[in-house]
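Thanks for coming, everyone. I have one structure to walk through today. Please bring it up on your screens.

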Amino acid sequence: MIIRASLIAAATLLASGCASTSSPVLGGGNISYGDSKAVELVTNEFGSTDLQTIAESMTRSLAQSGVLQGRPVIQVYDVKNKTSEYIDTREITTSIKTQLMKSGTARFASDNTDMQSQVDQLKLQNQSGLYKNSTIAKTGNMVAAQYRLEGSISSIVKRSSDYKDVFYKFSLQLIDVESGLAEWMDEKEIRKTTER
């Protein structure tokens, strides 16, 4: 009994000792962590705040539209970048997908860029002879999408000797695959002005 109590006390001391030590910081210098939700105004080019604003606005609008009854399957297409900047539009749609998935509002089929990976995996499992038959994913069982989600982002840039004004317009639409009808559509506009 005394030995058991001593072991428990020793374990508690070790656990509390480990909990109080902090991880060392490597590097340092002028680098620091910031709030990922803070408004970012480093330049008037497309930034993290714009991405978050668009994704949250579109997710809210689509979720509240009433179109997504019964958690339909959606296939997401790449958003067309019609701006003169490099914008990773896939990150916008990934944020929208993530928020809709977390809310339980929709399910997503392999999108147009990931479809080849899905096909390759099915071929590997079914044709290579490497896998146990009882564990192989059968072909012909993929769930087809009821809707496709697609959109675009464009910008208008105006400059003068004193100002630079950038106007972004993000448009997104949900199209019924069978009928070809647009069931939902929305857009988000962002204006950023810099005084020189």
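Let me start with a question: in which loop does Arg71 lie? Arg71 sits in the loop between helix 2 (48-64) and strand 1 (73-76). Before I go further, a caution: this is a predicted model. Back to Arg71. Its phi is positive, about 50 degrees, and yet Arg71 is not a glycine. Arg71 has a relative accessible area of 38%, so it counts as partly exposed.

Now on to strand 1. Which way do its side chains point? Val73 and Gln75 point one way from strand 1. Ile74 and Val76 point the other way. All four are buried.

Next, the partners of strand 1. Strand 3, residues 107-108, pairs with strand 1 in the parallel sense, over 2 bridges. Take Val73: its bridge partner in strand 3 is Arg107. Strand 4 (147-159) also runs parallel to strand 1, and 3 bridges join the two. Here, look at Val76: its bridge partner in strand 4 is Leu149. Keep Leu149 in mind.

Stay with strand 4. Strand 2, residues 80-81, runs parallel to strand 4, and 2 bridges join them. Asn81 has Ile153 as its bridge partner in strand 4. Then there is strand 5 (163-176). How many bridges pair strand 4 with strand 5? The count is 13, and the sense is antiparallel. One example is Arg148, whose bridge partner in strand 5 is Ile175. The connection between strand 4 and strand 5 is a hairpin, through 3 residues.

Now the core. Which residues of the largest nonpolar core touch the most other members? They are Ile74, Leu149 and Leu174, out of 27 residues in that core. Several elements feed this core with at least two residues each: helix 2, strand 1, helix 3 (89-103), strand 4, strand 5 and strand 6 (182-195).

Here is Leu149 again. Leave out residues up to four places away in sequence, and look at what Leu149 touches. There is Leu62. There is a run of Ile74, Gln75, Val76 and Tyr77. Ile96 is on the list too. So are Leu172, Gln173 and Leu174, and finally Trp184. Put that beside the pairing: Leu149 is the bridge partner of Val76, and Val76 is also among its contacts.

Charges next. How many salt bridges does the structure hold? The answer is 6. I will start with Lys192 and Asp50, whose side chains meet at 2.9 Å, N to O. Lys192 lies in strand 6 and Asp50 in helix 2, so this pair ties together parts that are 142 residues apart in sequence. Are the two partners buried or exposed? Lys192 has 9% relative accessibility, so it counts as buried. Asp50 is at 6%, so it is buried as well.

A second salt bridge joins the side chains of Arg148 and Glu150, at 3.0 Å, N to O. Glu150 is buried, at 18% relative accessible area. Arg148 is partly exposed, at 25%. Recall that Arg148 also has Ile175 as its bridge partner in strand 5.

A third pair is Asp165 and Arg191, with a salt bridge of 3.0 Å, N to O. Asp165 lies in strand 5 and Arg191 in strand 6, so the pair ties together parts that are 26 residues apart in sequence. Asp165 is buried, with a relative accessible area of 15%. Arg191 is exposed, at 55%.

There is also a network. Asp78, Arg90 and Asp114 are joined into one by salt bridges that share partners.

Last stop, the surface. Which residues make the nonpolar patch? Leu124, Leu130 and Tyr131 make it, and its area is about 290 Å². Tyr131 is in the loop between helix 4 (115-127) and strand 4. Tyr131 has a relative accessibility of 35%, so it counts as partly exposed.

If you keep one residue from today, keep Leu149: it is one of those that touch the most other members of the largest nonpolar core. If you keep one salt bridge, keep Lys192 with Asp50, which links strand 6 to helix 2. That is my tour. Over to you for discussion.

Definitions and conventions:
Residues numbered from 1 in each chain as written. Predicted model: local features only at pLDDT ≥ 70, side-chain atom pairs only at ≥ 80, totals over all residues. Heavy atoms only, no water. Patch = residues over 30% accessible without salt bridge, like charges linked within 9 Å, V, L, I, M, F, W, Y side chains within 5 Å. Areas by Shrake-Rupley, 256 points an atom, 1.4 Å probe, with all protein chains shown as cover. Salt bridge = Lys/Arg side-chain N within 4 Å of Asp/Glu carboxyl O. Buried < 20%, exposed > 50% of the residue type's maximum accessible area, 1.4 Å probe, protein only. Pairing = 2+ DSSP bridges. Core = buried A, V, L, I, M, F, W, Y, C linked by side-chain atoms within 4.5 Å. Contact = heavy atoms within 4.5 Å.
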